[in-house]
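Here's a walk through one protein chain, going from a single residue out to the whole fold. Keep the viewer open and follow along.

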Amino acid sequence: MKRKQLFFIFIHILFFGSTYAQTKITFTGKVTDAKSHEPLSGASIYFPDLRTGAATNAEGAFTFPAIAGGKYLVEVSHLGYSSLIETIDLTTISQKDFELQSSVIENEGVTVTGVSTATSTKRTPIPVTLIKKEDLFRNIATNLIDNISHVPGVAQVSTGPAISKPFIRGLGYNRVLVVNDGVRQEGQQWGDEHGIEIDEQNVSKIEVLKGPASLMYGSDALAGVINVISIVPAQDGQVKGNIASSYYTNNRQRNFHAAIDGNQKGFIWGLNGSYKAAADYRNKYDGYVFNSKFNEKDFGGYIGLNKNWGYSHLYVTRFDQKLGLIEGERDPLTGMFTKEIDNGGVVDDVLASHQDFTSSNPFIPRQKIRHFKTATDNSFRVGKDRITLVLGYQRNLRQEFGNVLAPDEKSLYFDLGTFNYNLQYHFAEKNNWKTTIGVNGMEQSSKNKGDEQLIPEYSFLDIGGFVYTQKRIDPITLSGGIRFDNRSIDSKQLMDGTDIKFEGFHKDFSNISGSAGLAWEASKVVTLKLNLARGFRAPGIPELASNGAHEGTNRYEYGEQSLRSETSFQTDAGIEVAGEHVSINANIFYNPIRNFIYYRKLTAVAGGDSIITDGINQFFAFRFGQDNARLYGAEMNVDIHPHPLDWLHIENTFSWVRGELSSEQGGSKNLPFIPAARLINEIKVDLLKKAKLFRNLFIRAELENTFAQNHPFTGYNTETKTPGYSLFNMGIGTEIRGKKKTLATLLIGANNITDVAYQNHLSRLKYAPENPVTGRIGVFNMGRNFSIKLNVPIEF
């Protein structure tokens, strides 16, 4: 309690006490078309490190009335034009004009992921993919991770349409770090049966970094980082908002969202809320999949100051989700899904009805997940240098209900509290050197409040210090740094009657990590990249100390206290070709991992699977183990815009990863959870660029080809082979204009138009019980799905 009080007192001091004077600059300019020299209205001029931006008026002019002098990266962008990324020194200039080149291919952007300050993606040696808000809107997806799963190298472990866990290059769970508005998201990311607890309808931008990022983030960023940016303040003098809605036919999913943001002379504020609900999804083999339903309510708000001394923002979010857990039990005579009911104090199985399938209120077993977060994001100028400070507090409550005779009984109840901190000192750029030193980490504690315990109560403290530097020697940019981390874990003992269920223990894990890389702009259109990075991940409490089962899985898990930290040394090499009518982005990587942690199915003494009886249920027994491993693979994206067919857009994306253990485990050397190779072919037509009523009309057709996964981890009967499949998707969208502004954006789409029955290799439902009538094992993924989306912007 004292720590929380000190935290909020510190927020108050930072927010209201840091208004010392700095030199104010009025920065003005104009944005025009590079060929016609006509002014561009509505172009965006944004300073990422200052969290401030402006838009051009009808004459293409913009003004920043009070901005601190200094050297900053600026991003100038407009729909249909290539973004312009420049570093400008506002101590020497107060006026600058920009010319944008017309292009349908976005070849460059700005990233803040894995670097200490905003950096052009061309100058970062690690592969980073940017997904803008309009791209997220155009995709048809049931959740946020599903939306970005088409990014090369990104996949998802799913348990129905509500639950997706991100995987990057064959690694996931605690090896992928999710960051939301500067704070690492801490829920129960080690678990299978829940998502990432972020309001997907309020997302403005996502940055996906592929490769170890332990240098900037410490433990858990072994595979990469998914940086979700929700808050983008309104421009000075503006009050704006939007109302959005969407509907999906397959599972009757409906989404609603409303937001409003304002900025009055640097005082920024915003409010947003979302609602999401869905019934059971269906496919042609299983029909309706019982208890795949869910509903969700989210709320958020922020206030802040953007001044010449820097900025200070305070924000709060609340995530509240209820979702069913799919067991896949069926009637032996009909093969139809069954549900448990209370029949006079006795558990009975009956056939699920049509009304059961179409409701959005989950049945037993079900979950309730709530995530509360408050954080402050600050930047203060100190002479020519800058200090940034992010502090955050999160509380994650996950409840699991599994007893139909006592539906309010919480079989599992995790109460997780996390305090995050990130303090960095950014030295002013000098002689093309940009250097940052910093310290970040978190303090975390978890309590069990349910009737059962899967993991012990615990607490840990993370602290890490780093130095990061970047040197520009045109046309080469060198980047790198070094970091030291320490994690101290205290796990509490728990007695189950006279037996010890969890032993108490203390563990310390330390590591030195770092990276070094270069980006060489060999010509105006070709950039070559190379990066070497050492990653690190300390074992999590579930891996060290699990001893229990829960309704969300078919596993009874045993931890192993002797586990050591995972370390990797990944090599990345890439080439980017950014031509006027074609762009190519290709990467290869090799990632050896020492002490790779995985769980394996245990074998009974008499042979066969080890079965654990827990109450009236039976579970397969698994234990965590370690072995050295290696992953390697390639990704390629080819985007063609043939001249003179300016309206035609052809894109092909390929990704492939292979994972192997150094020695056989149960007769297999393959790593588990390795996604199958995938090739996505898309043709898009862009029309009506300057029409008065319907503008920026697009029509796209996509063929998503997922190859067979013939290299599963078959040891201990853990995984099986998965056949390949192809899905045909389409979409059409347009802006609706009136009074010289966008009144609404409309999208109509369809996924899996041919209604293919398929199982993704990373779907946990693939291993659900066998259908006794058809003989098919598991539950299949979603069938044909039509959708409609509408977004209405509002300006006051």
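Start with Ser-515. If you skip its neighbours within four places in sequence, Ser-515 is in contact with Leu-215, Ser-479, Gly-480, Gly-481, Asn-531, Leu-532 and Ala-533. Keep in mind that what you're looking at is a predicted model. Ser-515 belongs to strand β35, which covers residues 505–521. Is Ser-515 buried or exposed? With a relative accessible area of 15%, Ser-515 is buried, because the cut-off for buried is under 20%.

Now zoom out to the whole chain. It holds six helices and 49 strands. Its radius of gyration is 26 Å, close to the 28 Å that the globule rule gives for 796 residues, so the chain is as compact as a globular protein of that length. If you trace the C-alpha atoms, the chain spans about 80 × 55 × 45 Å along its principal axes. Of the 796 residues, 58% are buried. What about contacts between residues at least 6 apart in sequence? In that group, 66% join residues at least 24 apart.

With 49 strands around, sheets are a good thing to look at next. One open sheet has four strands in the order β3-β2-β5-β6, and the pairing is antiparallel. Its edge strands are β3 (52–55) and β6 (84–89), each pairing on one side only. On average, neighbouring strands in this sheet are turned by 25 degrees against each other, direction ignored. Within the sheet, Phe-47 has Thr-52 in β3 as its bridge partner.

A second open sheet has five strands, in the order β10-β16-β17-β14-β15, and here the pairing is mixed. The edges are β10 (128–132) and β15 (183–184), and each of them pairs on one side only. Look at β16 and β17 and you'll find Val-208 with its bridge partner Ile-226 in β17.

Further along, β45 pairs with two strands you can check by eye. Glu-651 has Glu-682 in β45 as its bridge partner, while Ile-680 stands opposite Glu-704 in β46. β45 and β46 form a hairpin with six residues between them. In that turn, Leu-688 has a positive phi of about 55 degrees.

Here are the antiparallel strand pairs side by side:

| Strand pair | Residues given | Bridges |
|---|---|---|
| β2 and β3 | β2: residues 44–47 | four bridges |
| β16 and β17 | β16: residues 205–210; β17: residues 224–229 | six bridges |
| β43 and β45 | β43: residues 648–665; β45: residues 678–687 | eight bridges |
| β45 and β46 | β46: residues 694–706 | ten bridges |

Last stop: the rings. How many aromatic pairs does the structure hold? The count is 22. One aromatic cluster is formed by Phe-27, Phe-47, Phe-62, Phe-64, Tyr-72 and Phe-98. You've met Phe-47 already, as the bridge partner of Thr-52.

Some rings also have a charged side chain over them. Arg-366 lies over the face of Phe-401, at 4.1 Å from the ring centre. For Phe-137, the charged end of Lys-789 sits over the ring, 5.6 Å from its centre.

Technical notes: Residues are numbered from 1 along each chain as its sequence is written. This is a predicted model: local features need pLDDT of at least 70, side-chain atom pairs count only at pLDDT 80 or more; totals for chains, interfaces and linings use all residues. Side-chain values use heavy atoms; hydrogens and water are left out. Two strands pair if DSSP finds at least two bridges between them. Axes are lines fitted to C-alpha atoms, for helices over the stretch in contact, and angles run from 0 to 180 degrees between N-to-C directions. Rings of Phe, Tyr and Trp (its six-membered ring) pair if their centres lie within 6.5 Å; planes under 30 degrees apart count as stacked, over 60 as edge-to-face and the rest as tilted. A charge sits over a ring if NZ of Lys or CZ of Arg is within 6 Å of the ring centre and within 35 degrees of the ring normal. The radius of gyration is taken over C-alpha atoms; the globule rule is 2.2 Å times the number of residues to the power 0.38. Buried means under 20% relative accessible area, exposed over 50%, partly exposed in between (1.4 Å probe, protein chains only). Contact means heavy atoms within 4.5 Å.
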